[in-house]
Amino acid sequence: MTDQVGHARGILAEASPVLVLTGAGISADSGVPTFRGEGGLWREFRAEELATPDAFARDPRLVWEWYEWRRRTVAGCEPNAAHLALAGWQAAGADVRIATQNVDGLHGMAARLTGITDGGRLLELHGTLFGARCTACARRAESPDPIDTGNGAGLPRCGGPEGCGGLLRPDVVWFGEPLDPDVIGTAFAWAEAAAACLVVGTSGIVQPAAGLAEVTRERGAAVIEINPESTPITRIATLSIRGGAADTVPRLIPRAVS
Ligand code: BJW
Ligand code: ZN
């Protein structure tokens, strides 16, 4: 593995720009549960069954309770060595662009901790846990106050002087919903331009995000995967390193950045 790490670091040292595609596994070392596998269970539900428009239509309170639980869980978590190493690499001047599937805000927090003020090199493909939007008028809202699940209090509504009173929903992208065209368009432009793609902690099964690595690979650029398990991305990867994100990513970052 040490040889593989050295090889990957060599590739990344020569590559510019670099696209980094991340998934739930990068935040696992911060204590954020992943989507699939053991950590993906909440009460008796699988995460994939709750992150859908149908689940929200059927039982918005249940889905809001789950998001509330996740928001509280993430609020107690901090970026780990992998988030910080990537932000530090950007802060050192490297042309590194991060497209994350995560809604936990930890890449943004790492950037702020590292002194990066330019948010333009981070795309949150699937939205954010910390926002809401109206199901009726689509207006975006701050994340609602904690949902009172105990006493039958109402669900969050589109409020304020311009609010329409419609039901708010989490500002995330569920299965069957299109990603924001500007966001996914920029991500594919980054994949087209990338001299290498570093893929960290994703099961690589959710499209269109997983397709970003494929686009980079099809152009002949290197794809380096960091994951304790093999995934569909392993098949196309130039190099696949079996390891955890917090342990491995910091060792991949080239020391000197011009
Ligand atoms: C570690 C680690 C450690 C553990 N270190 N690693 C073909 C083309 C296009 C679309 C489709 C297609 N086929 C099917 C579709 C539809 C669908 C899809 O992809 N389905 C697949 C499951 C088959 N895609 C969609 O529906 C998307 N929309 C769309 O395509 O719209 C088209 C459209 C156009 C026009 C009109 C209408 C529609 C939307 C996808 C949205 C995904 N949303 C979610 C929820 C977000 C909100 C929330 O978080 O609540 O996104 S689902 C969930 O999966 C979440 C994640 O971001 C995403 C990916 O999961 P991720 O990050 O890979 O996590 P895990 O848990 O799966 O994996 C963790 C990995 O970490 C594992 O590999 C571990 O081994 C590893 N790991 N510890 C490093 N320490
Ligand atoms: Zn509204």
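Donors here are N, O and S atoms within 2.8 Å of the metal (3.2 Å for Na, K and Ca), and since water is not among the atoms, sites may look incomplete.

This is a predicted model, where local features need pLDDT of at least 70, side-chain atom pairs count only at pLDDT 80 or more, and totals for chains, interfaces and linings use all residues. Residues are numbered from 1 along each chain as its sequence is written, chains are lettered from A and ligands numbered from 1 in the order in which they are written, and side-chain values use heavy atoms, with hydrogens and water left out.

**View 1. The zinc ion (ligand 2) and its cysteines.** Four SG atoms hold the metal, from Cys-134, Cys-137, Cys-158 and Cys-164, at 2.2 to 2.4 Å. Along the sequence, these donor residues follow the spacing C-x2-C-x20-C-x5-C. The angles between the four donor atoms run from 99 to 116 degrees, so the arrangement is tetrahedral (four donors get that label if all angles lie between 85 and 135 degrees). For reference, the ideal angle for four tetrahedral donors is 109.5 degrees. Cys-158 is buried at 6% relative accessibility, while Cys-164 is partly exposed at 43% (buried means under 20% relative accessible area, exposed over 50%, partly exposed in between, with a 1.4 Å probe and protein chains only).

**View 2. Domain 1 and domain 2 of the protein chain.** Domain 1 takes in 2–31 + 78–126 + 178–252, and domain 2 takes in 40–76 + 130–172; the bounds come from an automatic or database domain assignment. Their centres, taken over C-alpha atoms, sit 28 Å apart. Where they touch, domain 1 puts in five residues and domain 2 puts in seven (contact means heavy atoms within 4.5 Å). Pull back to the protein chain and you'll find ten helices and eleven strands (DSSP runs numbered from the N terminus, with H or I and at least four residues for helices, E and at least two for strands). Half-hidden is a fair summary: 50% of the 258 residues count as buried.

**View 3. Val-183 in helix H8.** Helix H8 spans residues 181–193 and carries Val-183, which is buried at a relative accessible area of 19%. Leaving out residues up to four places away in sequence, Val-183 touches Leu-123, Glu-124 and Leu-125. Phe-45 is elsewhere: 138 residues separate it from Val-183 along the chain, and their C-alpha atoms are 30 Å apart.

**View 4. Thr-52 in a loop between two helices.** The loop in question links helix H3 (47–50) and helix H4 (53–58). Thr-52 is buried, with a relative accessible area of 16%. Its partners, not counting residues up to four places away in sequence, are Trp-174 and Phe-175.

**View 5. Cis peptide bonds at Pro-17 and Pro-208.** The bond from Ser-16 to Pro-17 is cis, with omega near -5 degrees, and Pro-17 falls in the loop between helix H1 (2–14) and strand S1 (18–22). The bond from Gln-207 to Pro-208 is cis too, with omega near 5 degrees. Look for Pro-208 in the loop between strand S9 (196–200) and helix H9 (211–218).

**View 6. Positive phi at Arg-43 and Ala-138.** Arg-43 is not a glycine, yet its phi is positive, at about 50 degrees. This arginine, Arg-43, lies in the loop between strand S2 (41–42) and strand S3 (45–46), and is exposed at a relative accessible area of 52%. Ala-138, also not a glycine, has a positive phi of about 70 degrees, and it's in the loop between strand S6 (127–134) and strand S7 (140–142).

Technical notes. Tetrahedral: all angles 85-135°; square planar, octahedral: opposite > 155°, others 65-115°.
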